[in-house]
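Here's a short tour of one protein model, taken a piece at a time. Keep the 3D view open and follow along as you read.

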Amino acid sequence: MTRHVPPHDRNCANGWDLHCHTVYSDGTKTPAELITLAHDLGLHGVAITDHDTTAGWADAARQAEAVGLPLLRGTEITAEDGAVSVHMLAYQYDPKNEAITELFRATRLARVERAKRMVARLAEDFPISWESVTAQAKQGKKTTVGRPHMADALVAAGVYATRSDAFAGAISGTSKYYIPTPSPSTHEVVRTVREAGGVSVIAHPGDRARNRVLLSDRQIRDLAAEGLGGLEVWHRGNDEEQRRRLLGLADELGLLVTGGSDWHGAGKPNLLGENLTDDATVAEIVRRGAIPLVG
Ligand code: AMP
Ligand code: FE
Ligand code: FE
Ligand code: ZN
């Protein structure tokens, strides 16, 4: 499904992009390229948020120091809440914390097993293999492997023209080849991020293209009671009605309101800086977090 979205929801230079992927998950650019692009755009700063890993943090920090661009360190964690698949952004936590290290280790192991099973199903009907899929992971075993890499292998094999076409076809969540990613619960993620001294934010909570059933108000209230930090309201997946609902919940529950592009380089149409977070909100995330701001 394609939806018309204005190229920039907010003034491009006036804030932080808190949702960006690199080659350490399913983005196509390196952390250094992310930092350089954000600096050129005049953003106040960015967060690196690869899926289920901190592997890109060091590269991003090095470049952020070099060009003098402030950087938040984060991760987009795959979780589930009942039948709803949920992405949670976690910022400024201690990456050495044992609980969160173990959570990532388990998730990444489960992801690889799931990917292998899904690729085996696809390989029955398409000219791809586990080798051709992992060849798409730009940082080898450090890259969090997922459906985007299967999509890229299908494109490389000439089955589809683009990654998005593959997502509309064989690797969509409704295809017969699809297998869900086994994930920790949202409650486990909120508790673990809090234990590790970080701030958790529900990513694109109103994105109906991702989930036919969204998190209910009740589910969000329960997570807030457990220590959830915020809601990513400014994201192209949340329509106007959802934005209003989420702003209301944030107000009621005292949650932070964040924004981000969900930039994946050439892997998605989302433009760096198309949605932003204001300076005061970022300052509060840094104040609550366990590690210093870089850059
Ligand atoms: P997985 O976690 O392996 O099921 O893969 C889901 C990932 O695929 C998400 O993190 C998205 O970034 C990516 N994705 C989902 N839909 C699309 C799409 N239409 N085009 C490109 N990437 C997508
Ligand atoms: Fe992604
Ligand atoms: Fe996401
Ligand atoms: Zn994302």
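Start with the zinc ion (ligand 4): along the sequence, its donor residues follow the spacing H-x1-H-x54-E-x185-D. Keep in mind that this is a predicted model. The pair His19 and Glu76 ties together distant parts of the chain, since the two are 57 residues apart. His19 sits in the loop between strand 1 (16-17) and helix 1 (31-41), while Glu76 belongs to strand 3 (residues 71-81). Both His19 and Glu76 are buried.

Which atoms actually hold the zinc ion (ligand 4)? They are His19 (NE2), His21 (NE2), Glu76 (OE) and Asp262 (OD), at 2.1 to 2.2 Å from the ion. The angles among these four donor atoms run from 81 to 174°, and the site is irregular. There's another metal to look for as well: the iron ion (ligand 2) is 4.4 Å from the zinc ion (ligand 4).

Now for two residues elsewhere in the chain, Gly229 and His149. Are they buried or exposed? Gly229 is buried, with a relative accessible area of 4%, and His149 is buried too, at 2%. Here is where each one sits and what it touches, leaving out residues up to four places away in sequence.

| Residue | Location | Relative accessible area | Contacts |
|---|---|---|---|
| Gly229 | loop between helix 8 (217-226) and strand 6 (230-234) | 4% | Val199, Ser200, Leu255, Leu256, Arg288 |
| His149 | helix 5 (residues 147-156) | 2% | Ser25, Asp26, Val133, Gln136, Ala137, Thr143, Thr144 |

If you'd like a sense of distance, try finding Gly229 and Lys116: they are 113 residues apart along the chain, and their C-alpha atoms are separated by 34 Å.

Finally, turn to helix 10 (residues 279-288), where Thr281, Val282, Glu284 and Ile285 are buried. Why do these buried residues line one face of the helix? Looking down the axis of helix 10, they fall within an arc of 160°, so they share a face. It helps to know that an α-helix has 3.6 residues a turn, so residues three or four places apart point the same way.

And what covers that buried side? The cover of the buried residues in helix 10 includes strand 1, strand 3, strand 4 (84-91), strand 5 (199-202) and strand 7 (256-259). On the face turned away from the buried side, you'll find the exposed residues Ala280 and Arg287. One last detail is at the start of helix 10: a side-chain oxygen of Asp278 comes to within 3.3 Å of the backbone nitrogen of Ala280.

Terms used
Residues numbered from 1 in each chain as written. Chains lettered and ligands numbered in written order. Predicted model: local features only at pLDDT ≥ 70, side-chain atom pairs only at ≥ 80, totals over all residues. Heavy atoms only, no water. Donors = N, O, S within 2.8 Å, 3.2 Å for Na, K, Ca; no water. Tetrahedral: all angles 85-135°; square planar, octahedral: opposite > 155°, others 65-115°. Buried < 20%, exposed > 50% of the residue type's maximum accessible area, 1.4 Å probe, protein only. Contact = heavy atoms within 4.5 Å. Arc of directions from axis to C-beta. Polar contact = N/O pair within 3.5 Å; in protein donor to acceptor, adjacent residues only side chain to side chain.
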